[in-house]
Each structure stands twice: as C-alpha cells, then as structure tokens.
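Let's take a look at how the parts of a protein meet, and at how a protein holds a ligand. Have the structure open while you read.

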Amino acid sequence: MNKPAKQALEPLASRDLFPTPPSFAARARINRSTWAAQRLDDAARDPLAYWEAAADALEWRTRWHQVLEWSAPRSKWFLGGTLNATESCLDRHARSWRRTKAALIWEGEPGEVRTLTYGQLHDDVCRFAGVLRALGLVSGDRAAIYLPLVPEAVVAMLACARLGVIHGVVFGGFSAEALCSRINDASCKVVITADGGARKGQVVRLKDTVDQALANGACPSVTSVVVLRRTGHEVSMTPGRDRWWHELVRDAQPVREAVAVDAEHPLFILYTSGTTGKPKGVVHSTGGYLTGVARTMRWVFDLKDEDVFWCSADVGWVTGHSYVVYGPLANGATVFLYEGAPTYPGPDRFWEMIARHRISILYTAPTAIRTFMRLGDHHPQRHDLSSLRLLGSVGEPINPEAWRWYHQAVGGGRCPVVDTWWQTETGAIMASPLPGLTAQKPGSCTKPLPGVEMDVVRQDGSRCADDEQGFLVIKRPWPSMMRTVWGDDERFRQTYWVQVKDPATGAPWYFTGDGARRDQDGYLWVIGRVDDVVNVSGHRLGTAEVESALVSHLAVAEAAVVGRPDELKGQGIVAFVTLKDGRPPSEALVEELKRQVASEIGSFARPDDIRWANALPKTRSGKIMRRLLRELATTGRVTGDTTSLEDFGAIAALRPAED
Ligand code: WT7
C-alpha cells in the first residue's frame, strides 16, 4: 500500500452547504420527522438490529436464526435463512398490483422503445430459466453473460438467479482475451451473448468476440452458447454449441418454482481490477447482498412507486448489478435502460430521453457529467427536465465545479445530489447523503449510511485528525460485503484484511484502497486510490494489468503504467516503456502498443500516452518508483529524492515519445 500522496491541503469547503429543499424533505422517506437523530444513534448502537429490519423487506422462504457470524475476514449473514432473489425481485410484484406496472422501459440506441411489465418480466425470466435448465445448468453452476444493454441482459441475470446459477456478467467492452480468462477462472458452462449491440451508430460484434474467446478449445468448460438476435447481422453459429435464444425459448418449459438457496449462496461473481495483473472474481452472496442493495435503493434514492429511475451504468459493472437490476427490482421500481452512447446521435440524447420518458431520478458518473458540462448548458436547457427530482453520482470523486453544474443546469437547483461512495467489493452504497435529511457539500460523499462504520485512519490504525489525509477503512462487517475472491480465499484476505488493524484489539479492518479526509463536520472527502489502481472514466483498471498487456508485445522489455489527472476522464493512463535491444521507438509502435492493450483488455484501457525510457527508475530492491513516474506523467518533470535510484541515468532518459 502506498502512502497517500501528499497534497496541498485546500480548505475543505465546509461552509458550502446545500441543505435539501424543504419541499423535497417534506415528502422524503427519511427526513427529520421520520428519522430523528435518535434512530441514527440506534443504528450505530445496534447495527445488527438495523440490518435485520432491512432484511425483513425481502421475501424469504425460511427465516434466519442468527443475523451474523463473523470471524474476520469470513462473514455469514442471516444464517439458516433461505430465499431466491427472483422471488423478491419479481414473483411478489407479479402477484400484486404491480403485475401491470412497468419494470423495464428500454430504449435502443437506434431509438426503438420496449416496455416490460413486472408480469411480462416474470414470464420471460421463468421461460429463460427453463432454457438454462434444459442446457444442463443446476444450482451452483456458473454462466457468463456477454450482452449489450438490452432487456434480455436483465432477463439472463435473473434467470440464472432463479436456478441458483451464479452469473458472471462481462462488460461488452472487454476483449476476447479478457472474456476468455473470466470464463475460465469461473469455469462457466454456458455463455449468453448476442449477435451484437448498437454503439455510436455502429454494430459491436459481440458474437465474433465470443467465437475468438472460445477458439481452439481455449475455454474447455463451455458446452453451450446462447445467442440473442439483436442487430440481425450475419454471425457464424457452431453446430452443437451455439443456439439462438428465440428458438430455445420457444420450446422452453418455464421454471415457475424458483430454487430456494441458502442466504450465503453466491448470487454472482464480478471481476474487478486489483494491484496484480489478474482481475479478482468478487463473490457476492444472495441474502446479504440483496439486503444491502434493497435498503440503499429505497433510502439513498428516496424511491417511490411513481418514480422512473435511470441508472446509466451498464450491467457489466457493479453499479448495473446493484442499481439497474437487483436494488430497483427488489423495490418494485420502474427502471429505464438505454443501450447506447450518451452523446449519440447528438449531445442532448440524455436530456431528450429524460424529457420524453419523464425520468425522475438520474444516477450517473462524474465523467459523463463533465462531458455534458463541456458541451454546454444550452443542451439541457432546451429540454423539459421538470420530471427530475433527485440526482446521483458514482464512480469517482466528483469535482465541486461539476457537482454545481449538475445541481444547477440539470437539476434546476431543486434536486438534491447524492454523491454515493462504494465499490464492487462493498456491493451497495456505503457513504452518501440521505437526500431528505443530509445537507450536501459539493465534492463530499457526506457520511457513512446507517449501519455502516467507516473512518479515516493512519497506517497504524489511529484515527486521523479533522482534515488530515489518511486511509478510508470500514470497521464493521456489513451484509452486502464481498464474501471472497472466487477460488482464492487467501487473496481476499491479503488484499483487504491485513493493511489496517484496530490498534486497541488488533482486529483487522476492511481496507478500501482509497485515501480520504474527514472534515470537522464528520463529512468524508474521498481523494482517490492509494494503491496501483486507476479509475478511467469510472472504469477501474489495475496498472499491472495494462503493464502485462504491454509486455506481451514482442518489442517490449519492460513497462510501468501510472495514472495522471485528466479533466474529462478523471484519470488518464501513461505508460513508460523500455524496448528490447535493437528495437527503435517509432510513432507506428506507439499505435501498435495502444492497440495491443485494447485487444488484451478492451478499448477503454487504451493508454493516452506511451513514453519511451532507456530503463525504468527503480529502488535498490528493484521496485519501480511509481511515485516518481506519476509525478513525471503529471507535471512532466521530476523533483524530490531520487537517491535510492539504481540507475540515475534512467530519469534523464525518460522523454515523451513524440520528441
Ligand atoms: C472505486 C471503486 C461503486 C461503483 C462504481 C465503481 C471510486 C466510487 C466514488 C465516489 C469518490 C468514488 C473509489 C472506489 N469511487 N464512488 N462517490 N467518490 N470515489 O466501482 O470499479 O469497484 O471502483 O471508485 O476510488 O474505491 P469500482
């Protein structure tokens, strides 16, 4: 773990308060009268009772007999409880007046619109679960989902859940290599994909990528590939392996009775980048995960039955799992889904859709907000955004300027903004305003939610003073916490549970990997990662992953990758590369290396800058001096102590590739 980078302490804007407008607060689920300060204290005193009440909002087959069994880092929640996620998300709504309520309103990039009611979504899920069962999947098996953002992506996830099959959604932007390694890590039996998806007016040829991933027996666990027809372009179908979705559902026997699983049964595996070259399969449980996402959906987004909720994330990321699928559907919400690019065909596509579908809650990422801000106020101004009542932000720190623009130009100054801090690992939002209760400060995710104990501490576990930068840790288990890294309990422990301990008891705390400050009002200001993870447009990437993609190129001897601040993307990627003997640097090679990264990981990981180096600066023990490279990438020059350099010449030899 790196020391949090020393930063000039700008004064925290603690007087820059945005209290919730009284008209919002009056109607909010959680406000001063419904949730007196007393009850926040109760949740802090007895978090287990708090979480038990949250779990009561789900549909259980058998009730638990014990809330928590905790022996760090192993947690079990709701012991003895059994349930099926789809009964909470679908069956109970399909039995109620919500049968005819819209569950999903989907818009394709080319403009087609489809609405699925809870009744229809329930039927589709039962039918597709029948397909998966007929393909031989049983509870505990794994299926990979590699689809565009279409209703069938939601259907596929829930159909897996209905059988107790563990889904592993892989974002459609990942390459064949990345897909293949995820399928193999989880030994998936089935891959669910589509011919393609629509993006920026083009077809993203997903099935071709699946074919590449599976070529030459590279994924031996896969017995079947289910292909959804979305774009209609020609794809090759391998006999005996590949089948069309629409043909399979025609003959399917619907699974009316969901398979009840233990509360701890894994609901899904989702891969996320860490500090090594190999992404981690984050495992989430059924009962605890659903409890966390259902509660936060309701409280953080102040969800009401009349809302049309739009979380603009793809289901390939955790945000899509928690706040496109499980959180909203567990609450019987109407979810809006949009397949395509945010500024296609024009810069006002978002605003035009919000006006047309009367969207009331928008949840998006700072990188998108900054892009819209740059495009100009006149785009949101041209549309009727009066349906909006609440705005959310997630994925990276939001700079105060973007926050204010979002609040004013999009929210018209009347919508609270919930800046929600969480991670793939936490499953659900951990720190955020409760919009009817918490005054907001632009750039701060405010405070930990009820039931969550988070703090900013020094390396030795002692509590940081107000405004002192330290490590963000979580001091108590919570229901939606990840259970392990798929197939690697030791890596789970090493990554999150050895860095910081309670100095009084020696008990491990959960290490988030983020640096943060707490101001005198107890508000949290997350600075960003303190490990070798970068956040590019809200997409998390390990620098080691990009490095290993680079060194797989024949010309490359060594590579070191660092993040540098980027006005639009949050962070950009800079790679320092040394070439093998005799290989001359060239502009063509720069392009080749960028392409290499795109094909090993996905095009979102493409480095912004490749810089040549004769050697990489290393400490005497051989560790690459990343701090120095980060500084060089950011400012273009190097300062500070370089005496521990093995190769002093290495510094001088670093120069931009363009030179
Ligand atoms: C990392 C987690 C959580 C869903 C999307 C990203 C950063 C996330 C915030 C926020 C400041 C944030 C952190 C975190 N992050 N939300 N509101 N303010 N930073 O999930 O890919 O697991 O990334 O994103 O650095 O550790 P993820």
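Here is a short tour of the domains, one interface and the ligand site. Keep in mind that this is a predicted model. The domain assignment splits the protein into three pieces, called domain 1, domain 2 and domain 3.

**The domains**
- Domain 1 is assembled from several stretches of the chain: 19-301, 315-327, 426-451 and 475-511.
- Domain 2 covers 342-419, and domain 3 runs over 532-656.

**Where domain 2 meets domain 3**
- On the domain 2 side, six residues are in contact with seven residues of domain 3.
- People often describe how big an interface is by the accessible area that gets lost when the parts come together.
- For domain 2 and domain 3, that buried area comes to about 580 Å², with 44% of it on carbon and sulfur atoms.
- Within domain 2, T367, R370 and R374 give up the most area to domain 3, and together they make up 62% of what that side buries.

**What links the two domains**
- How many salt bridges are there between domain 2 and domain 3? The count is one.
- R374 makes a salt bridge with E567, and their closest N and O atoms sit 3.0 Å apart.
- Five residue pairs are in polar contact across this interface.
- If you sort the residues on the side of domain 2 that touches domain 3, you get three charged, three polar and no nonpolar ones.

**Around the ligand**
- There are 17 residues around the ligand, and D419, T420, T424, D514 and R540 are the ones that come nearest.
- The side chain of R540 has an N or O atom 2.7 Å from an oxygen atom of the ligand.
- R529 also reaches in with its side chain, placing an N or O atom 2.9 Å from a ligand oxygen.
- P397 takes part through its backbone: a polar atom there is 3.4 Å from a nitrogen atom of the ligand.
- On its own the ligand has 550 Å² of accessible area, and the protein covers 95% of that.

Technical notes:
Residues are numbered from 1 along each chain as its sequence is written. This is a predicted model: local features need pLDDT of at least 70, side-chain atom pairs count only at pLDDT 80 or more; totals for chains, interfaces and linings use all residues. Side-chain values use heavy atoms; hydrogens and water are left out. Domain bounds come from an automatic or database domain assignment. Contact means heavy atoms within 4.5 Å. Buried area is the accessible area (1.4 Å probe) that two parts lose on being put together, summed over both. A salt bridge is a side-chain nitrogen of Lys or Arg within 4 Å of a carboxyl oxygen of Asp or Glu. A polar contact is a pair of N or O atoms within 3.5 Å; within protein, one must be able to donate a hydrogen and the other to accept it, and residues adjacent in sequence count only if both atoms are side-chain atoms. Ala, Val, Leu, Ile, Met, Phe, Trp, Tyr, Cys and Pro count as nonpolar, Asp, Glu, Lys and Arg as charged, and the others, Gly among them, as polar. A residue is near a molecule or strand if one of its heavy atoms lies within 4 Å of it. Accessible areas come from the Shrake-Rupley method with a 1.4 Å probe; for residues, only the protein chains shown count as cover.
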